[in-house]
Amino acid sequence: MNTTTHAAGSPISGEGNLAPSSIGAGRATDSSQLDTTHGVILYLEDIVVSFDGFRAINKLNLTIDKGELRSIIGPNGAGKTTMMDVITGKTRPDSGTAFFGQTIDLTKLNEAQIAHAGIGRKFQKPTVFEQLSVFENLELAMKMDKGIWTSLRAKLSGLQRDRINEILELIRLTEQAQRPSGLLSHGQKQWLEIGMLLMQEPLVLLLDEPAAGMTDEETERSGELFLSLAGEYTLIVVEHDMDFIKQISGGRKVTCLHEGSVLSEGSLEQVQNDERVIEVYLGR
Ligand SMILES: Nc1ncnc2c1ncn2[C@@H]1O[C@H](COP(=O)(O)OP(=O)(O)OP(=O)(O)O)[C@@H](O)[C@H]1O
């Protein structure tokens with residue numbers, strides 16, 4: 001489920017009218033400024049989110065290490081979207097602890113402040129500026145805080161141009177740089193949006209069902225992209241496509257949510273063989 005508004009759970013709005021939904025409102029924290037002394041970049045403890053008395057998140061505990069590529073799975077309604085809403089400040093938890101690094105209390109910040117601190121989110125539906133070229137979309141993402149038209153008119157420095165070219169390579173859209181982004185395939189739009197997130201130099205990227213609607217080839221390319229980003233960035237990927245999870249997880253941890261808390265966590269093999277996961281999610 002990908003609601004943009006919440007009936008309860010203390011909605012905190014903050015997205016501008018012109019900005020695509022994945023774009024945060026400013027520069028990210030320098031990675032050297034974030035205190036990850038114990039290797040932990042995101043720490044959720046006993047998080048509870050209720051909607052009219054129903055606990056969508058029920059004493060959720062989750063610890064993500066810096067540089068991790070964590071896959072989150074679970075049946076519909078397990079609380080995956082709500083968990084991301086809590087991390088990004090879209091929904092304020094009723095109770096519990098949520099820390100970014102050792103010192104940044106996410107429950108005290110709004111969406112824009114959290115984006116600024118270095119947590120970027122990509123929603124399922126690509127929201128690029130279709131009339132603008134791929135290059136211009138990346139350019140805008142970098143300079144969003146100045147406003148759209150000022151941004152487009154302002155001259156790029158050599159360093160900024162290099163950065164855009166670097167991202168174009170990474171998302172494999174160098175050859176499409178001058179094309180209007182509306183002409184890209186669904187998969188290419190998704191990569192462009194990831195590129196737009198990267199322009200803001202986030203430390204953590206939250207990705208909601210990134211493989212949805214992609215061809216097999218695009219899905220595989222996305223997997224390669226995520227694997228190349230892990231380490232330098234921390235990625236949290238919510239996904240239902242088990243082949244994709246298999247590609248990106250390797251020996252990495254996978255978390256299965258159910259009824260608002262962690263049902264199982266471990267390697268994909270461990271989670272897939274967990275009787276409780278088979279029961280509620282994977283089936284026999
Ligand atoms: N704004 C809301 N008001 C009331 N109930 C809500 C609201 N948002 C989510 N819920 C409920 O909370 C539970 C968790 O929903 P959530 O969208 O987080 O699950 P999910 O794991 O992301 O599911 P899916 O895989 O279908 O996207 C569901 O039962 C959902 O109906």
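1. A crossing of two helices is called left-handed if the near helix is turned anticlockwise from the far one by less than a right angle, and right-handed if clockwise. In that sense, H6 passes H7 in a right-handed crossing. Helices (H or I, at least four residues) and strands (E, at least two) are DSSP runs, numbered from the N terminus.

2. The model is a predicted one: local features need pLDDT of at least 70, side-chain atom pairs count only at pLDDT 80 or more, and totals for chains, interfaces and linings use all residues. Residues are numbered from 1 along each chain as its sequence is written, and side-chain values use heavy atoms, with hydrogens and water left out.

3. On the overall make-up, the chain holds 10 helices and 10 strands. Of its 284 residues, 55% are buried, where buried means under 20% relative accessible area, exposed over 50%, and partly exposed in between (1.4 Å probe, protein chains only). Among contacts (heavy atoms within 4.5 Å) with a separation of 6 or more, residues 24 or more positions apart account for 70%.

4. The pairing of H6 with H7 can be described further. The two helices pack at an angle of about 15 degrees, with their axes 10 Å apart; axes are lines fitted to C-alpha atoms, for helices over the stretch in contact, and angles run from 0 to 180 degrees between N-to-C directions. That makes H6 roughly parallel to H7, given that angles under 35 degrees count as roughly parallel, over 145 as roughly antiparallel, 65 to 115 as roughly perpendicular and the rest as oblique. From H6, the contact uses Gly187, Gln188, Trp191, Ile194 and Leu198, and from H7 it uses Glu218, Arg221, Ser222, Leu225, Phe226 and Leu229. By class, this contact of H6 with H7 has 6 nonpolar, 3 polar and 2 charged residues. In this scheme Ala, Val, Leu, Ile, Met, Phe, Trp, Tyr, Cys and Pro count as nonpolar, Asp, Glu, Lys and Arg as charged, and the others, Gly among them, as polar.

5. H6 (residues 186-199) also meets helix H3 (residues 134-142): their axes come within 8 Å and cross at roughly 30 degrees. H3 and H6 are therefore roughly parallel to each other, and their crossing is right-handed. Val134, Asn137, Leu138, Ala141 and Met142 of H3 touch Leu192, Gly195, Met196 and Met199 of H6. The residues of this contact of H3 with H6 comprise 7 nonpolar, 2 polar and no charged.

6. One open sheet has 6 strands in the order E6-E7-E8-E3-E9-E10, and its pairing is mixed. Two strands count as paired if DSSP finds at least two bridges between them. E6 and strand E10 (261-266) are the edge strands, each pairing on one side only. On average, neighbouring strands of this sheet are turned by 20 degrees against each other, direction ignored. Helix H7 (residues 216-229) packs on the sheet, where it touches E3, E7 and E8, and its direction makes about 145 degrees with that of E8. Helix H10 (residues 275-282) lies across E3, strand E9 (254-258) and E10, running at about 120 degrees to E10.

7. Within that sheet, strand E3 (residues 69-73) and strand E8 (residues 234-238) are parallel and share 4 bridges, with Ile72 opposite Val238 in E8. E6 and strand E7 (residues 204-208) also run parallel, joined by 4 bridges, and here Ile119 stands opposite Val204 in E7. In strand E6 (residues 119-122), Ile119 and Arg121 point one way, Gly120 and Lys122 point the other way, and all are buried.

8. A further open sheet has 4 strands, ordered E2-E1-E4-E5, with antiparallel pairing. Its edge strands are strand E2 (54-65) and strand E5 (104-105), each of which pairs on one side only. Strand E1 (residues 40-51) and strand E4 (residues 95-100) are antiparallel over 5 bridges; Tyr43 has Phe99 in E4 as its bridge partner. Helix H1 (residues 80-87) packs on the sheet, touching E1 and E2, with its direction at about 115 degrees to that of E1.

9. What does Lys59 contact, leaving aside its neighbours within four places in sequence? The residues are Asp46, Ile47, Val48 and Ser261. Lys59 is in strand E2 and counts as partly exposed because its relative accessibility is 47%. The C-alpha atoms of Lys59 and Gly260 are separated by 7.4 Å, although these residues are 201 residues apart along the chain.
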